[in-house]
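Good morning, and thank you for making time for this short presentation. Please bring up the sequence and the structure, and we shall go through them together.

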Amino acid sequence: MDRTDEFLKEMGNKISEQIRKPKRLYFRVENKDLLEVVEYLFKKMACRLSTATATEVHRGIEVLYQFSHDASGCYFCPRVVMTDLKNPVMSSITPVVRGAEWIEREMFDFWGIKFEGHPRMEPLLAREHPKGLGHPYRFRRTT
Amino acid sequence: MSKNTIPVGPFHPLLEEAEYFTLQVDGETVVDIDLDIGWMHRGHEFISEQKTFTQSIYLVERICGICSTSHPIACVHAIEDVCNVEIPERACYIRTLVGELERIHSHLLWLGLAGHFIGYDTVWMWAWKYREPVLQMFEIISGNRNHYGMMRVGGVAKDVDPAAVPELSKILDMIEKKMIMIAKVANDDPVLKSRLVNVGVLSKQDAINFCAVGPTSRASGVPADVRRDEPNDAYGLVDFKVIVTENGDVYDKLVVRVLEIIESIKIVRQCLDKLANIQGPILNNVKEIPPGEGIGRYEAPRGEVFHYVRTDGTNRPIRHKVRAPSFVNIPTFMASCKGIPIADALITLAAVDPCYCCTERSLKVVDHNRDSLNINLLAASRTRTEEIRREIHGR
């Protein structure tokens, strides 16, 4: 049983919309289950958070966390979808993964996503900007 | 004793780029550090989404002047992850050759700067002296000393002339002798040891918690290296060791980099031997990129460079995420700088080989009325200087 099968056996009931490719597993997870899935990836499987990517699509704003399982070279990518475009809110994973602090602040800065439970929810790159950036990556929608 | 604040930056002799650190000190000891990034506005991710895939490769090459081939390699890996294209064997060796030469020159650049920062300019002069022949090798291979323009989706843009291989091998032999000498010096030199051992220690657990990468994490005992963990290009075809040390201090970071230079020389030699003997195409044409998502990464000199590309079947990405290694390595300062003397803080800040233009690749300044750079930067700069003056002097 490889690590992907092991993960699916343990967390399969909490995920949906699986896209499985060689050494890549993308899947959707509900916000309420995010911390449990992330805790399993980070603490039980010893994955490392590479980064997270926000994308605005027609169904809402997606945040895709990219966890690298270095021992096997696999990526596990939980995806959270927020449909409220005016007030996108989701759970922060920073209390579990310290290394997520900056990337969540960057997404707050550029996309206006609020991460509940983040220890320091303030802009990262535009902290000193005289007017604030105004979430520049939200200027257009993609398919 | 009362706590004081020492600002480092935004413009400081230590930093080649504009950054701002606030050190909270109690006497001579740093008790806390705050990092304020965001002084460079380039909007690479946004621009990339308006370029074709081929243009994006040229764009990401310009994110960083030092690791200017690591971003293109990670970018083409991401696009190739979407379209599952095979890379010709010769192209694999050329990619690895260029990537490893870049590691040698980047580590030598850092070594020289580190020597300079601790006032040991002999190290700086020797390291940079032997970085120069590496740049000459790049010039022979690509025609450029930097920004080589070698990467393409499906292979590489330029072949290595087999007639140039003997000359490249000759330069490499000379560099190898000097690097072995530098490794011995690093191992024996009492000045380096007294200045760097047990300075700015990053524990293994902190390296894991901060998700640090590259020499920063390997010096703390975390054995992660993309070249071995996901061996793309020729990394599965060549022999090399992943250098890992345990102490996590600045000296161990130096040792990891110096020994990695020697491993890189071994890899380059294996690639040159293969390129002298094997023939074949260097590029598989990719006619279209299907809809999908792709992850590409490469072990840059500073650690894992990560690119994520999302496509919709057109000739440009709808999302292109770039994460440079410094973005995850710089926050480790919050662990490694606490409790050390002020005099050690600067070399500790420099020890992760931070690259701020990589870190801030995506910041985009806009006018609220429309998408354009339309703020008075001079006025904003003066306002901020005045604010800092008031914060520090209270008037």
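Let me begin with a definition: two residues are in contact if their C-beta atoms, placed from the backbone, lie within 7 Å. With that in hand, I turn to helix α3 of chain A, whose buried residues pack against β3, β4 and β7 of chain A together with α12 of chain B. Please keep in mind throughout that this is a predicted model. The predictor gives the complex an ipTM of 0.94 and a pTM of 0.91.

Let me stay with α3 of chain A, residues 101–111. The helix lies across β3 and β4 of chain A, and runs at about 15° to β3(A). Of its 11 residues, 10 are buried, so α3(A) is largely enclosed by the rest of the structure. Among the buried ones are A:Trp102, A:Ile103, A:Met107, A:Phe108 and A:Phe110, but the list also includes A:Glu101, A:Glu104, A:Arg105, A:Glu106 and A:Asp109. Just after the helix, A:Gly112 takes a positive phi of about 75°.

Now to the sheet in chain A. In what order do the strands of this open sheet run? The five strands follow the order β1-β2-β5-β4-β3, and the pairing is mixed. The edges are taken by β1, residues 15–21, and β3, residues 48–57; each has a single partner strand, so one side of each is left without a neighbour in the sheet. From one strand to the next, the twist averages 20°. Helix α1 of chain A, residues 3–11, packs on this sheet and touches β1, β2, β4 and β5 of chain A. The direction of α1(A) makes about 35° with that of β5(A).

Strand β5 of chain A, residues 74–82, deserves a closer look: eight of its nine residues are buried. To one partner, β2(A), it is joined by five bridges, and these two strands run parallel. There A:Leu25 stands opposite A:Phe76. To another partner, β4(A), β5(A) is joined by seven bridges, and this pair runs antiparallel. Here A:Val63 has A:Val80 as its bridge partner. The hairpin of β4(A) and β5(A) has four residues between the strands, and in it A:Gly73 takes a positive phi near 75°. Moving on to the edge, nine bridges join β3(A) to β4(A), again in an antiparallel arrangement. Within that pair, A:Thr53 is matched with A:Leu64 of β4(A).

Two of the residues just named return in the nonpolar core. Which residues have the most contacts inside the largest nonpolar core? They are A:Val63, A:Phe76, B:Ile79, B:Ile94 and B:Cys271, in a core of 154 residues. The largest share of this core, 14 residues, is supplied by helix α11 of chain B, residues 250–277. Leaving aside residues up to four places away in sequence, B:Cys271 touches B:Tyr93, B:Thr96, B:Leu97, B:Ala234 and B:Val238.

That brings us to chain B as a whole. This chain holds 16 helices and eight strands. Its C-alpha trace spans about 70 × 60 × 35 Å along the principal axes. A compact globule of 395 residues would have a radius of gyration near 21 Å, and chain B, with 22 Å, agrees with that. Of its 395 residues, 51% count as buried. Among contacts between residues at least 6 apart in sequence, 72% join residues at least 24 apart.

Chain B also has an open sheet, of three strands in the order β6-β7-β8, with antiparallel pairing. Its edges are β6, residues 292–300, and β8, residues 319–323; each has a single partner strand, so one side of each is left without a neighbour in the sheet. Neighbouring strands here are turned by 10° against each other on average, direction ignored. Nine bridges join β6(B) to β7(B), and B:Arg297 has B:Phe306 as its bridge partner in β7(B).

I close with confidence. Chain B averages a pLDDT of 90, and 95% of the residues score at least 70. Where does pLDDT stay under 50 in chain B? That stretch is residues 370–374, for which the model has six contacts beyond four places in sequence. Where pLDDT is low, the predicted coordinates should not be read in detail. Thank you; I welcome your questions.

Note on methods:
Residues are numbered from 1 along each chain as its sequence is written. Chains are lettered from A and ligands numbered from 1 in the order in which they are written. This is a predicted model: local features need pLDDT of at least 70, side-chain atom pairs count only at pLDDT 80 or more; totals for chains, interfaces and linings use all residues. A residue is buried if 20 or more other C-beta atoms lie within 10 Å of its own, exposed if 12 or fewer, and partly exposed in between; C-beta atoms are placed from the backbone. Two strands pair if DSSP finds at least two bridges between them. A nonpolar core is a set of buried Ala, Val, Leu, Ile, Met, Phe, Trp, Tyr and Cys residues joined through C-beta atoms within 7 Å. Axes are lines fitted to C-alpha atoms, for helices over the stretch in contact, and angles run from 0 to 180 degrees between N-to-C directions. pLDDT is the predictor's confidence in each residue, from 0 to 100. The radius of gyration is taken over C-alpha atoms; the globule rule is 2.2 Å times the number of residues to the power 0.38.
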